[in-house]
Amino acid sequence: MGKTKMLLLGALLMTSGAVLAAPQGTGIQKYEIQEFIADFTKFKPGDTVPEMYRTEEYNIKQWQARNLPAPDAGSHWTYMGGNYVLITDADGKILKVYDGEIFYHR
């Protein structure tokens, strides 16, 4: 294959990957994700987080500064594997997950 064709193919592959990786939705909804990996484990809403992420050290109290919505009563935000995770206070069940890039949302 010629040099020009290789360059064109490379450019096409790069742009198609960027389109596939683009966040979907509008506003903060485009940052919501349905599964993520932390500590070599895949998590999704409904799963229970390890005890470590339920400690005060991981409790995010300044959620507004990170562009996160207010936690529901009986829940709080924690940080796992580069993502913001809303969990229940009682048992650490995952309610919602946002990609860490939400921090830069404007």
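**Warm-up.** Which two strands form a hairpin with two residues between them, and which glycine in the turn has a positive phi?

*Solution.* The strands are β3 and β4, and the glycine is G81, with a positive phi of about 55°. Please keep in mind throughout that this is a predicted model.

**Exercise 1. Set out the secondary structure of the chain, then build its sheet.**

*Step 1: list the elements.* The chain has one helix and five strands. Reading from the N terminus, the order is α-β-β-β-β-β.

*Step 2: find the strand order.* An open sheet is made of three strands, arranged β3-β4-β5 with antiparallel pairing. The edge positions belong to β3 (75-80) and β5 (94-99); each has a single partner strand, so one side of each lacks a neighbour in the sheet. From one strand to the next, the twist averages 25°.

*Step 3: count the bridges.* Between β3 and β4 there are six bridges. Between β4 (residues 83-88) and β5 there are five.

*Step 4: place some partners.* On one side of β4, N83 is the bridge partner of M80. On the β5 side, Y84 is partnered with Y98, while L86 stands opposite K96.

*Step 5: look at the other hairpin.* β4 and β5 have five residues between them, and in this hairpin G92 takes a positive phi near 75°.

**Exercise 2. Decide whether β3 is mostly covered or mostly open, and use S75 as a test case.**

*Step 1: check the whole strand.* Five of the six residues of β3 are buried, so the strand is mostly covered.

*Step 2: check the test residue.* S75 belongs to β3. Its relative accessibility is 8%, and because buried means under 20%, S75 counts as buried.

*Step 3: name what surrounds S75.* Setting aside neighbours within four places in sequence, the contacts of S75 are L86, I87, T88, D89 and L95.

**Exercise 3. Work out which residues make up the largest nonpolar core and where they come from.**

*Step 1: recall the general trend.* Nonpolar side chains tend to be buried together in soluble globular proteins.

*Step 2: list the members.* The largest core here holds ten residues: F36, A38, F43, V49, Y53, M80, V85, I87, I94 and V97.

*Step 3: trace them to elements.* Two or more core residues come from each of β1 (36-38), β4 and β5.

*Step 4: zoom in on one member.* Apart from neighbours within four places in sequence, V49 touches F43, R54, M80, I87, G92 and I94.

*Step 5: inspect the two phenylalanines.* F36 is buried at 5% relative accessibility, and F43 is buried at 6%. The chain has five aromatic pairs. One of them joins F36 and F43, whose ring centres are 5.5 Å apart with 25° between the planes. Planes under 30 degrees apart count as stacked, so this pair is stacked.

**Exercise 4. Describe the setting of Y84.**

*Step 1: locate the residue.* Y84 sits in strand β4.

*Step 2: assess burial.* With a relative accessible area of 4%, Y84 is buried.

*Step 3: assign a core.* There is a second, separate core of eight residues, and Y84 is among them, as are L68, W77 and L86.

*Step 4: relate the residue to a distant part of the sequence.* I33 is 51 residues away along the chain, yet the C-alpha atoms of Y84 and I33 are separated by 9.9 Å.

**Exercise 5. Explain how a polar side chain, N67, is placed.**

*Step 1: find the loop.* N67 lies between β2 (41-43) and β3.

*Step 2: judge accessibility.* The value for N67 is 18%; because the cut-off for buried is under 20%, N67 counts as buried.

*Step 3: find the polar partners.* The N67 side chain reaches the backbone oxygen of I102 at 3.1 Å. A polar atom of the same side chain also lies 2.9 Å from the backbone oxygen of F103.

**Exercise 6. Finish with two figures for the whole chain.**

*Step 1: burial.* Of the 106 residues in the chain, 26% are buried.

*Step 2: sequence range of contacts.* Take the contacts between residues at least 6 apart in sequence: 45% of them join residues at least 24 apart.

Definitions and conventions: Residues numbered from 1 in each chain as written. Predicted model: local features only at pLDDT ≥ 70, side-chain atom pairs only at ≥ 80, totals over all residues. Heavy atoms only, no water. Pairing = 2+ DSSP bridges. Helix = DSSP H or I, 4+ residues; strand = E, 2+ residues; numbered from the N terminus. Axes fitted to C-alpha atoms, helices over the stretch in contact; angles between N-to-C directions. Phe/Tyr/Trp six-rings, centres within 6.5 Å; stacked < 30°, edge-to-face > 60°. Buried < 20%, exposed > 50% of the residue type's maximum accessible area, 1.4 Å probe, protein only. Core = buried A, V, L, I, M, F, W, Y, C linked by side-chain atoms within 4.5 Å. Contact = heavy atoms within 4.5 Å. Polar contact = N/O pair within 3.5 Å; in protein donor to acceptor, adjacent residues only side chain to side chain.
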